[in-house]
Amino acid sequence: MAWDDEDLMDGPVSKWHQIAERLRSALAKGEFAPGDALPSETVLTRRFGISRTTARSALNELENEQLVTRRSGQGTIVLPPKVEQPLNLLASFADDMRARGLRPGYRLNGVTVQPAPAEVARELGVEEGARTVCVDRVLLADDEPIASSVSWLAARIADPAAPPGEDALRDTSLYEWIERTTGTRISSGREYIDGGVADAQLAKSLEIAKGAPILIARRRALSAAGDPLEYVTITYRADRYRFRIELARP
């Protein structure tokens, strides 16, 4: 049954909620693809004999759930589904994307040697100001920017006196590069996640509006022996990424 096959029902369930549920179901079934425009307020008003306020409330509900976005002159546009990452799984970005049927990619901003800020020094176990290799990249899913990543690498896997060339990290997973070139595997880590809003520079990199919501993950990654190998800040687009945790009662 298509979203508009039947009339709305009178009763305790509001009409705007009925419309939102029908469109939500249509999105789940693929009746509207990412980039498509949903029926406009005018179309909904004519089809169901409702007010524009009711139609607007239905579309606002879907926007609040970040299933669609309202664009001036274009209407209500379907967003791509969010990428979901389990919180109890430590995986490279490339592995994470491939597991979801997406093609990972990278836009390299630079590989530099910089003095370690206090936070980085503490997490890597080095002195503040120690020369440290920093890898700055934009992470892509099917060529669309989904996150910004700034990784600081311990000297045991990236010697500041001979840092990796940009070509080495332009098109490959950082974790795969570490394992391939040093024989060291990232085995565990600890991650903290905060919310925030995008500043002008980040908004440009991720192709989102300034002030758009973001998720900020800060992770210290360890070797099997417990040595700190990487400290990374990954800033995700909140409209394309979410974290999942499985809960169980004790």
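In the predicted model, helix α7 spans residues 174-182, and its buried residues are Leu 174, Tyr 175, Trp 177 and Ile 178. These residues cover an arc of only 160° around the axis, which places them on the same side of α7. The elements that cover them include the strands β5, β6, β7 (186-197), β8 (213-223) and β9, together with helix α6 (166-169). Tyr 175 of this helix also belongs to a nonpolar core of 15 residues, among them Leu 108, Val 133 and Ala 158.

Two of the strands that cover α7 also hold residues with contacts or approaches across the sequence. Strand β9 comprises residues 228-237 and includes Tyr 236. With a relative accessibility of 2%, Tyr 236 counts as buried. The C-alpha atom of Tyr 236 lies 6.0 Å from that of Ile 146, although the two residues are 90 positions apart along the chain. Ser 148 is located in strand β6 and is likewise classed as buried, at 12% relative accessibility. When neighbours within four places in sequence are set aside, the contacts of Ser 148 are Arg 137, Val 138, Leu 202, Leu 206, Thr 233, Ile 234 and Thr 235. Arg 137, one of these contacts, places its charged end over the ring of Tyr 106, at 4.1 Å from the ring centre.

The loop between β5 (131-141) and β6 (144-153) contains Asp 142, and Asp 143 is found in this loop as well. Most residues other than glycine have a negative phi. Asp 142, however, has a positive phi near 50°, and the phi of Asp 143 is also positive, at about 70°. The two residues fall into separate accessibility classes: Asp 142 is partly exposed, with a relative accessible area of 36%, whereas Asp 143 is exposed, at 55%. The loop between β6 and α6 contains Ala 161, which is exposed, with a relative accessible area of 67%. Ala 161 and Leu 79 are separated by 82 residues in sequence, and their C-alpha atoms are 45 Å apart in space.

Helix α2 (residues 41-48) has three named residues in its buried set, Glu 41, Leu 44 and Phe 48. They cover an arc of only 65° around the axis and therefore lie on the same side of α2. The elements covering these buried residues include α1 (15-28), α3 (52-64) and β1 (68-71). Gly 49 follows the helix and has a positive phi, near 65°.

Leu 44 and Phe 48 of α2 are also part of the largest nonpolar core, which has 18 residues. Together with Trp 3, Ile 19, Leu 23, Phe 32 and Leu 38, they touch the most other members of this core. Helices α1, α2 and α3 each supply at least two of its residues. The largest share, five residues, comes from α1. Phe 32, one of the residues that touch the most other members, is in contact with Trp 3, Leu 23, Ala 26, Leu 27, Ala 37, Leu 38, Pro 39 and Val 78, with residues up to four places away in sequence not counted. The other core, of 15 residues, lies apart from this one.

At the level of the whole chain, the model contains eight helices and ten strands. The radius of gyration is 22 Å, well over the 18 Å that the globule rule gives for 250 residues, so the chain is more spread out than a compact globule. The C-alpha trace spans about 70 × 45 × 30 Å along its principal axes. Of the 250 residues, 41% count as buried. Among contacts with a sequence separation of 6 or more, 60% are accounted for by residues 24 or more positions apart. The count of aromatic pairs comes to one.

Key:
Residues are numbered from 1 along each chain as its sequence is written. This is a predicted model: local features need pLDDT of at least 70, side-chain atom pairs count only at pLDDT 80 or more; totals for chains, interfaces and linings use all residues. Side-chain values use heavy atoms; hydrogens and water are left out. Buried means under 20% relative accessible area, exposed over 50%, partly exposed in between (1.4 Å probe, protein chains only). Helices (H or I, at least four residues) and strands (E, at least two) are DSSP runs, numbered from the N terminus. The arc is that of the directions from the helix axis to the C-beta atoms. Contact means heavy atoms within 4.5 Å. A nonpolar core is a set of buried Ala, Val, Leu, Ile, Met, Phe, Trp, Tyr and Cys residues joined through side-chain atoms within 4.5 Å. Rings of Phe, Tyr and Trp (its six-membered ring) pair if their centres lie within 6.5 Å; planes under 30 degrees apart count as stacked, over 60 as edge-to-face and the rest as tilted. A charge sits over a ring if NZ of Lys or CZ of Arg is within 6 Å of the ring centre and within 35 degrees of the ring normal. The radius of gyration is taken over C-alpha atoms; the globule rule is 2.2 Å times the number of residues to the power 0.38.
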